[in-house]
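Subject: Handover of a structure and notes on its contents

Dear colleague,

Please find below the structure that I am handing over to you. My notes on what was found in it follow directly after.

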Amino acid sequence: MKAEDGDVFKAILITKGRKTGTPHGVELRAVFYNNKIYFSRRNSQGDWLKNAISNPEVKVEYNGAIFSGIASLVTDKNLARKISHLKYADKRSEESRIVLQVMLCE
């Protein structure tokens with residue numbers, strides 16, 4: 001994936017349903033940072049987040065290409081804050097967020 005640190009873009013996160021195993025795609029704002037892709041939300045109630053936690057093997061569709069990756073929750077509060085600041089240029093950057101990182105597979 002060709003991206004620079006701090007790039008913010010729209011991508012489709014494809015997860016497997018935690019109950020059905022059926023693939024589900026959702027378009028989200030993403031941040032590329034330290035060779036990983038980050039997605040975030042204000043709370044843990046999103047199906048895409050629950051699905052990625054339940055089955056961390058995900059795919060990311062961007063610019064017509066599909067990349068495989070392994071998802072995990074970010075536990076480092078400083079990193080989560082950094083991702084929020086990169087993703088948002090307004091007051092949302094100060095909100096506490098749940099952050100999911102995707103390490104792309106080679």
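S3 and S6 run antiparallel and are joined by 6 bridges. Please note that this is a predicted model, and that every value in this message was computed from it.

One of the facing pairs between these two strands is Lys36 and Met103, the latter in S6. Lys36 also has a partner on its other side, since Tyr33 stands opposite this S3 residue. S3 (residues 36-41) pairs with S2 in the antiparallel sense as well, here over 3 bridges. A further bridge between S2 and S3 links Val31 to Tyr38, which belongs to S3. As for solvent, S3 is mostly covered, with 5 of its 6 residues buried.

The overall fold

The strands form a closed barrel of 6, in the order S1-S2-S3-S6-S5-S4, and the pairing is antiparallel. From one strand to the next, the twist averages 45°. Two helices pack on this sheet. Helix H1, residues 47-54, touches S1, S2, S3, S4 (57-62), S5 (65-73) and S6, and its direction makes about 60° with that of S1. H2 touches S1, S2, S3 and S6, and its direction makes about 95° with that of S2. For context, strands of a sheet pair through backbone hydrogen bonds, either parallel or antiparallel.

The hairpins

S1 (residues 8-16) and S2 (residues 23-33) pair in the antiparallel sense over 9 bridges. Within this pairing, Ile14 has Gly25 of S2 as its bridge partner. The hairpin of S1 and S2 has 6 residues between the strands, and Gly21 takes a positive phi near 80° there.

The hairpin of S2 and S3 has 2 residues between the strands. Asn34 lies in that loop, and its phi is near 50°, a positive value in a residue other than glycine. Most residues other than glycine have a negative phi, so you may wish to look at this position. Is Asn34 buried or partly exposed? Because its relative accessibility is 43%, Asn34 counts as partly exposed.

A second asparagine belongs under this heading. Asn63 has a positive phi of about 55° although it is not a glycine, and it lies in the loop between S4 and S5. Asn63 counts as exposed because its relative accessibility is 73%, and the cut-off for that class is over 50%.

The pockets

How much space lies in the largest pocket? The volume there is about 300 Å³. Of the 16 residues that line the largest pocket, Lys77, Ala80, Arg81, Ser96 and Arg97 are the closest to its centre. The elements that give two or more residues to this lining are helix H2 (77-87) and strand S6 (98-104). H2 provides the largest share, 5 residues. By class, the lining of the largest pocket consists of 5 nonpolar, 5 polar and 6 charged residues.

The second largest pocket has a volume of about 220 Å³. Its lining includes Leu28, Arg29, Ser40, Arg41, Arg42 and Asn43. Trp48, Lys87, Tyr88, Arg92, Glu95 and Arg97 line this pocket too. S2 and S3 each supply at least two of the lining residues. By class, the lining of the second largest pocket holds 3 nonpolar, 2 polar and 7 charged residues. Arg97 appears in both descriptions: it is among the residues closest to the centre of the largest pocket, and it also lines the second largest pocket.

With kind regards

Technical notes
Residues are numbered from 1 along each chain as its sequence is written. This is a predicted model: local features need pLDDT of at least 70, side-chain atom pairs count only at pLDDT 80 or more; totals for chains, interfaces and linings use all residues. Side-chain values use heavy atoms; hydrogens and water are left out. Two strands pair if DSSP finds at least two bridges between them. Helices (H or I, at least four residues) and strands (E, at least two) are DSSP runs, numbered from the N terminus. On a 1 Å grid over the protein atoms alone, a cavity is a set of points where a 1.4 Å probe fits but cannot get out, and a pocket is an open set with protein on both sides within 12 Å along at least five of seven lines; lining residues have an atom within 4 Å of a point. Grid points are joined across faces, edges and corners, and a volume is the space filled by probe spheres set on the points. Ala, Val, Leu, Ile, Met, Phe, Trp, Tyr, Cys and Pro count as nonpolar, Asp, Glu, Lys and Arg as charged, and the others, Gly among them, as polar. Buried means under 20% relative accessible area, exposed over 50%, partly exposed in between (1.4 Å probe, protein chains only). Axes are lines fitted to C-alpha atoms, for helices over the stretch in contact, and angles run from 0 to 180 degrees between N-to-C directions. Contact means heavy atoms within 4.5 Å.
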